[in-house]
Amino acid sequence: MAGTSSEKAQQQGGKDSGGTADKPNYRKTLNLPQTSFPMRANLIQNEPQSQKRWERMDLYHRTREVRTDDGVTGNKGPWSFHDGPPYASGSLHLGHVLNKALKDFVVRTRGMMGYDVEFTPGWDCHGLPIEHRVMTEMHESGKGKKINELNDDDRRMAVRRSCVDSAKKFIKVQMRQMKQLLTLADYDKPYLTMQKAYESAVLGVFADLVAQGVVYRDLKPVHWSIANQTALAEAELEYEDVEDTSVFVNFEVEDEAQLWSVFGVTAQQAKEAGATKPAALMIWTTTPWTLPANLAVAVHARFRYALLVLDGRPVVVAEELAEKVATTGPGLAHLPEDAQDGNGAGTAFVPLAVCNGEDLLSVRYRHPFCDRVSPVVAADYVTLEDGTGLVHTAPGHGLEDYLTGLSNGLEIYCPVLEDGTFDETAPEWLHGKTVWEANPMVLERLDKSGHLYHEHRFTHSYPHDWRSKTPVIFRATKQWFIGVDKETKRDGKSLRQMALDITARDVAFFPEWGRNRMRGMLESRPDWCLSRQRAWGLPIPAFRMPDGTVVLTEQIVRAVAKAVGEHGSDLWFTKPAAEVLQYYDAAHDPEAPDGLDVNTLEKMYDIFDVWFESGSSWCDVMKDRGRGYPVDLYLEGSDQHRGWFQLSLLCGLGSTGTTPFKALLTHGFTVDKDGKKMSKSVGNTVEVDDLFKEFGADICRWWVAGLNFENDIKADHDYFTVAGEAYRKVRNTLRFLLSNLYDFEPSTSDNPDGHCVDLSAFPPHSLDAWVLSEYNALARKVMAAYKRYDFRTAQAALYDFCNVTLSAEYCAAVKDRLYCDKPDSARRRRTQTAMWELVEGLVRLLAPILPHTADEAYRALWKCDPKSDERCIHLMTFVESYSVSAAPEWEKVLALHDSVMKKIEEARAAKQFDNPLDAGVRVPDTAEGTLSAFAGAVAEYGEDFCGDLADLLGVSRVEIVDSGESLEVYSLADAPRCDRSWKRDGSVKQRADGGWLSGRDAEAVGVE
């Protein structure tokens, strides 16, 4: 629509114009924004400056001092949080960033809630990860050969010294990276599992367990790493899909006549059914290399077993599996013609006879290539899921096999040495061969002897050594164990039962599904193998007497613990037994064997499973230092349900009878964008140092905060780019708020005459009351999310508040008054007060996630000298709410907002106007007359709040009309426009200076 003559007479002298020679230039009269808070964050350069300032301030301890000050209102006392130690081996990876950022969110949110959070970072310094790295480096540098020439103690100490150096090196690397991530912790006094006090505390926990009668030594099969020649615990295993060979093998019975009797058949009947070979028990196994150690075949006493002829041989298999077995191999081709179809292919068959499993217990069989006869035994773990229903049993190579061997008096026979080769008790053709070399050799021997019925390749999940990534085996060795089913002397309950009871009711799980996951792992876990055959670790304080008796008592352990607390665990490798036991008195030890003489004792050299050391961390770090036991929260990856969480629980229960934690929070693992595990060899990793160099810590933290971390997390470079874009929107919102406070002085005790307007005087129908009430809702939502560790909900709420509530709605609405009102007008000062409070509250809510940016904005708010250490957001607490109340009608206005915006866009598309300020809106009142309250409030407050509605909608005028009329957007192009604000509010006219100004703008400029 064309403009009027008065419109055409106006010259551009407003927000974007410098005016003309005959018209005034109003640009210099505007209150244009100013701030020291830059649009570009330059995080890579500026975050280190914040880090240095916080270190100068000793921020970690300052935050604790503030939270423990009795004079500070709202302090809530201590809240305990325990850090699970990462291995001091290599740089941090992306999973560490996730873990450490989440932990820092917890530390900072709980601190800003008013709690004193003492958080000590820790490092796991002992164990295979570090020793493996050191031994690899020694081998590559040529030092390995020289070290192997040393005597045992000197060799161990050489390895240990190198491990100490390596651990210290990577502690420095990881600590630097954690600080770069802007985490808040007591980095001056971290806990290290190789510290003397820590080692002594671990031995103290072990002494408690010995006293409770749950520690024992036994020969039993354990997971064994051939590559590292040590026992492994469940928590040290990774499962990978591998292709292996499964075999069906016939073990010929010793006495066929007895077998015929069991089934009630005759030899003649078997012959008539096609039998031409000796009768056999058919077993199935996926580990042919264990067949040399076979000492029994297990059946289920209650299953039914069939005798049938396959491949000319009478064989025994489970009745339910008979047809499946027969069709798996070549057997049916050799059945009599009446058991075949017309084409010679196998069909359903009728077994010769059936019997109960318990009837087979009298049967004995001959090993196919070892000179031994073995029994059939009963076992409840036999299933009908796969195989033949008859289980090959090698007590030295499987836990269930071991238990069966114990119950039937079988030898726990293991012909495999530490390096995975067969010893001289195995058949001669296997001597010196590895178990992997043995597999095809065993198959070839069985095939030639006619005992192999069928073989095939298959893929299955198989345990691997988590460090060497090589497959492990079950191998019987003498090891130290904690019996999870042994009753403690103190409680009269087993560790398993106590753990199941406590995790059922006394521990909170985040997410809740973690409860069933951990309980399932507790129900099925075996006894805990404590001992390792390595040099780098804390020795198990066991000794051997001259007669071979192994000695380990509670008092021996406590005496060694005291000596280690003074000298460290190297004492074990450098001093004789008598000196290690300097604080031990056998005469006062009721458990000491008769004739024990410390001068004749021989030290043993097994070390503790590293998980026992980390699982005892609560003792030194939390309980002994009076920091809270049980601890309020443990937070780690979900794999720790079977790792650190579970093993800490067992240690705590055994030592104290109670759980070491009240709540467990878990997160998933970082994978690439296709959901695949990240691996340097694959080349799909995201390097932590590269992220810090390109994006900065705050953007990395913003990315973490936005994750649904309960499940596995896909990560890629582009994900951080997206996080950076969202971060910039938040930053720019803060910048807008700050830039419009350049001439605002807050009212404080030192400056009572500041510009702040009393919040209680905010009119409920004002935009300022509305936005602060929106902040109150935001604070409630964010703080509730922080409390339940739902950082994603908190981050999303903060982003939406910045991007929508503030940037798109409030800031856009108040821009006119901020720029165009008289600088000290009541309305502008009220809006500035609201903006001041918004920044104060918002940066505190953002501070746990964006510590640098929030502190930078906070210091800009208070106009701090960049070189000073005054003021820090992290010493503050959350602003829970402001004392304002918004009119309930705002809900109706917000409901209309989208409808009005749609109408405006339709009018612009129809060329009715280009600028929304060239429009007016008629809004129908509701049946209850609630919207008219905006017009009616003028009488109470002397202010037309329809102007606030107009500002919110971005138009020049809003009228509240009768409820019977529809929403209408109309053009104001015929009305004069203000040269300064571009508004057409009905008060615009030509002023004394020749410009066209609204009444508000004329007052601001000072013209009539």
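**Second largest pocket.** I began with the lining of the second largest pocket: 15 nonpolar, 14 polar and 4 charged residues. For these classes, Ala, Val, Leu, Ile, Met, Phe, Trp, Tyr, Cys and Pro count as nonpolar, Asp, Glu, Lys and Arg as charged, and the others, Gly among them, as polar. The model is predicted; local features need pLDDT of at least 70, side-chain atom pairs count only at pLDDT 80 or more, and totals for chains, interfaces and linings use all residues. Residues are numbered from 1 along each chain as its sequence is written, and side-chain values use heavy atoms, with hydrogens and water left out.

The volume of this second largest pocket is about 1200 Å³. I noted 33 lining residues, with Thr286, Thr287, Glu400, Asp401 and Phe474 nearest the centre. A pocket here is an open set of points on a 1 Å grid over the protein atoms alone, with protein on both sides within 12 Å along at least five of seven lines; a cavity is a set where a 1.4 Å probe fits but cannot get out; lining residues have an atom within 4 Å of a point. Points are joined across faces, edges and corners, and a volume is the space filled by probe spheres set on them.

Which elements supply at least two residues each to this lining? I found β9 (280-285), β16 (391-393), α12 (399-407), β17 (452-465) and β18 (473-482). β17 gives the most, with 5 residues. Helices (H or I, at least four residues) and strands (E, at least two) are DSSP runs, numbered from the N terminus.

**Sheet around β18.** I followed β18 into an open sheet of 4 strands, ordered β7-β6-β18-β20 with antiparallel pairing. The edges are β7 and β20 (528-529), each pairing on one side only. Two strands pair if DSSP finds at least two bridges between them. β6 (residues 215-225) and β18 are joined by 10 bridges. One entry I checked by residue: Val222 has Arg475 in β18 as its bridge partner.

**Cavities.** I searched the whole structure and got 6 cavities of 30 Å³ or more. The largest holds about 110 Å³. Its lining includes Tyr60, Arg64, Met112 and His874. The elements giving two or more residues to that lining are α3 (59-67) and α4 (94-112). By class I have 6 nonpolar, 3 polar and 3 charged residues there.

The second largest cavity has about 100 Å³. Of its 15 lining residues, Gly127, Leu128, Arg532, Ile607 and Val610 are closest to the centre. Two or more residues each come from β7, β25 (607-608) and α19 (610-615). The class split is 7 nonpolar, 4 polar and 4 charged.

**Asp104.** I looked up Asp104 in helix α4. Buried or exposed? Asp104 counts as buried because its relative accessibility is 2%; buried means under 20% relative accessible area, exposed over 50%, partly exposed in between (1.4 Å probe, protein chains only). Not counting residues up to four places away in sequence, Asp104 touches Leu182, Thr183, Leu184 and Arg701. Contact means heavy atoms within 4.5 Å.

**Ala235.** Ala235 sits in the loop between β7 (230-232) and β8 (237-252). At 13% relative accessibility, Ala235 is buried too. Beyond four places in sequence, Ala235 is in contact with Trp611, Arg642, Gly643 and Leu647. I logged Arg642 separately: 407 residues from Ala235 in sequence, 6.1 Å in space, C-alpha to C-alpha.

**Phe762 and α27.** Phe762 is in the loop between α24 (717-739) and α25 (767-787). Phe762 is buried, at 4% relative accessibility. Contacts of Phe762 outside four places in sequence include Asp768, Leu772, Arg830 and Ala834. Helix α27 (residues 826-846) has 21 residues and reaches 30 Å from first C-alpha to last, close to the 30 Å expected at 1.5 Å a residue; the expected span is 1.5 Å times one less than the number of residues. Of its 21 residues 19 are buried, so α27 is largely enclosed by the rest of the structure.

**Backbone checks.** I found a cis peptide bond between Phe510 and Pro511, omega about 0 degrees. Another joins Tyr629 and Pro630, also with omega about 0 degrees. Asn42, not a glycine, has a positive phi of about 50 degrees. Asn42 is partly exposed at 35% relative accessibility. Lys863 has phi near 55 degrees and is partly exposed at 44%.
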